[in-house]
Amino acid sequence: MNTSIFYVSGGGPTVVRAPAPITFVNSGLKWETSTQTDIGIDASFFKGKLNATFDYYDKITDDVLLGLPLPYVSGYFLPADANIGQIKNSGIEFSFDYNNELGDFRYNIGANFSTVKNEVTDLGSIPQILSGIGGAQTHRTITGQSMGHFYGFKTDGLYQNQAEADAALPDSFSSGAEPGDIRFVDVNGDGVINSDDRTNLGSPFPGFFYGINMGAEYKGFDLSILLRGVGDKQVYNSARISLEDLSSASNFSTQVLDRWTGEGTATSSLNPRLTRFDPNSNNRYSDRWIENSGYLRIQHVSIGYSLSQEKLNSWTNGFVSRMRFYVGAQNLATFTNYSGFDPEVTRAQSFQKGDFALASGQDGGASPLPRIYQFGWTVSFN
């Protein structure tokens, strides 16, 4: 129940506030069930210096618990919990670590790599699920493709001159294309641009993960480094829609300085023309707003020095067993082509429960992770 629902009543009419249910209660819910097959190999070489693990997994989940969007005419505006079909996740996992000594120098290196293929294998009687923030249709779930993939129009450059604009296909979202407008793709080949040409624009779920860790010690000095990354992952950069809407009267980002200004210019294939009314609907939901958000992040770096036991015994008469000084950093650097603040967008920025599964990977301008520097001194006493 929500106590802040507004109603219009009477002949006035009069606006009143009263409590009302906002979430549909599904009495038929049950636990989802998973069946997983794993085939793996663990190996060790060179008297334990090199260890490796390889695993293939295939996981099938039935009666998946998800938040199912409801039509607003139902009287409910939040998704309802429901058991929806079957989802399959499969892939490989590989890792290794190697450690060795060369006199006083000891070192180790390790790495891991995992792949994930997400596929909806059954939705029962539901042909497709369209979802998105605030009721927008930005994601689709359909049998045979990944869950909650981005769903919109594909683009094919800009119309460079009047002849190209005159040859544009009929478009139900456009009142007329002009040079500098976006050319949208007729995906189904019927000679018309309409809602049926929306298609899969990529998945918010990473296709693979990887990590690298390294460490070394030499005469009291120690070094550790952790790298982490993901790949084959897309993000819907929704913050750009308001900052790069060239029909808007609001403030723009500097990206619009690279807008189309004429055929053959340096920016003739980047961003559409500046227009107050946008008759071609250049700002519609399309792959213009979908970005590759793969990244490699220096997650942690630490350098330290530990006093030798002999020095500690002579200085503290055995009272201190260990003393280490160190400096470190977290989130030191991120390497990515993503234009937003942080490529690690994992869920929808929304109050609506259930959105994170069927409408994830939306970046409305979330704050980036902070870079943290550490200086420390650790002491252990006997």
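**Exercise 1. The surroundings of R240**

Which residues does R240 touch, not counting residues up to four places away in sequence?

*Solution.* Start with the setting: this is a predicted model, in which local features need pLDDT of at least 70 and side-chain atom pairs count only at pLDDT 80 or more, while totals for chains, interfaces and linings use all residues. Residues are numbered from 1 along each chain as its sequence is written, and side-chain values use heavy atoms, with hydrogens and water left out.

Next, place the residue: R240 belongs to helix α2 (residues 239-243), where helices (H or I, at least four residues) and strands (E, at least two) are DSSP runs numbered from the N terminus. Then list its contacts, a contact being heavy atoms within 4.5 Å: R240 touches D245, R288, W289, E291 and S339. Finally, R240 counts as buried because its relative accessibility is 14%, given that buried means under 20% relative accessible area, exposed over 50%, and partly exposed in between (1.4 Å probe, protein chains only).

**Exercise 2. Confidence along the chain**

Find the residues over which pLDDT stays under 50.

*Solution.* The predictor's confidence in each residue is its pLDDT, from 0 to 100; the chain averages 89, and 96% of the residues score at least 70. Against this background, pLDDT stays under 50 over residues 348-354, for which the model has 24 contacts beyond four places in sequence. Where pLDDT is low, the predicted coordinates should not be read in detail.

**Exercise 3. Strands and their partners**

Describe the pairing of β1 with β2, and then the sheet that contains β15.

*Solution.* Two strands pair if DSSP finds at least two bridges between them. Strand β1 (residues 2-9) and strand β2 (residues 14-20) pair in the antiparallel sense over six bridges, with I5 standing opposite A18 in β2. Four residues lie between the strands of this hairpin, in which G10 takes a positive phi near 80 degrees.

Turning to the sheet, four strands form an open arrangement in the order β10-β11-β12-β15, with antiparallel pairing. Because β10 (129-131) and β15 (199-200) each have a single partner strand, they stand at the edges, and one side of each is left without a neighbour in the sheet. Strand β12 (residues 149-152) is joined to β15 by two bridges, and the bridge partner of Y151 is N200 in β15.

**Exercise 4. Salt bridges**

Locate the partners of D222 and of R297.

*Solution.* A salt bridge is a side-chain nitrogen of Lys or Arg within 4 Å of a carboxyl oxygen of Asp or Glu, and by this rule the count comes to 13. D222 forms a salt bridge with R324, the closest N and O atoms being 2.8 Å apart. This pair links distant parts of the chain, with D222 in strand β17 (residues 221-231) and R324 in strand β21 (residues 320-336), 102 residues apart; D222 and R324 are both buried.

For R297, the partner is E344, at 2.5 Å from N to O. Here R297 lies in strand β20 (residues 295-306) and E344 in the loop between β21 and α4 (355-358), 47 residues apart. R297 is buried, with a relative accessible area of 3%, whereas E344, at 27%, is partly exposed. As a last step, note that R228, R297, D342 and E344 are linked in a network of salt bridges.
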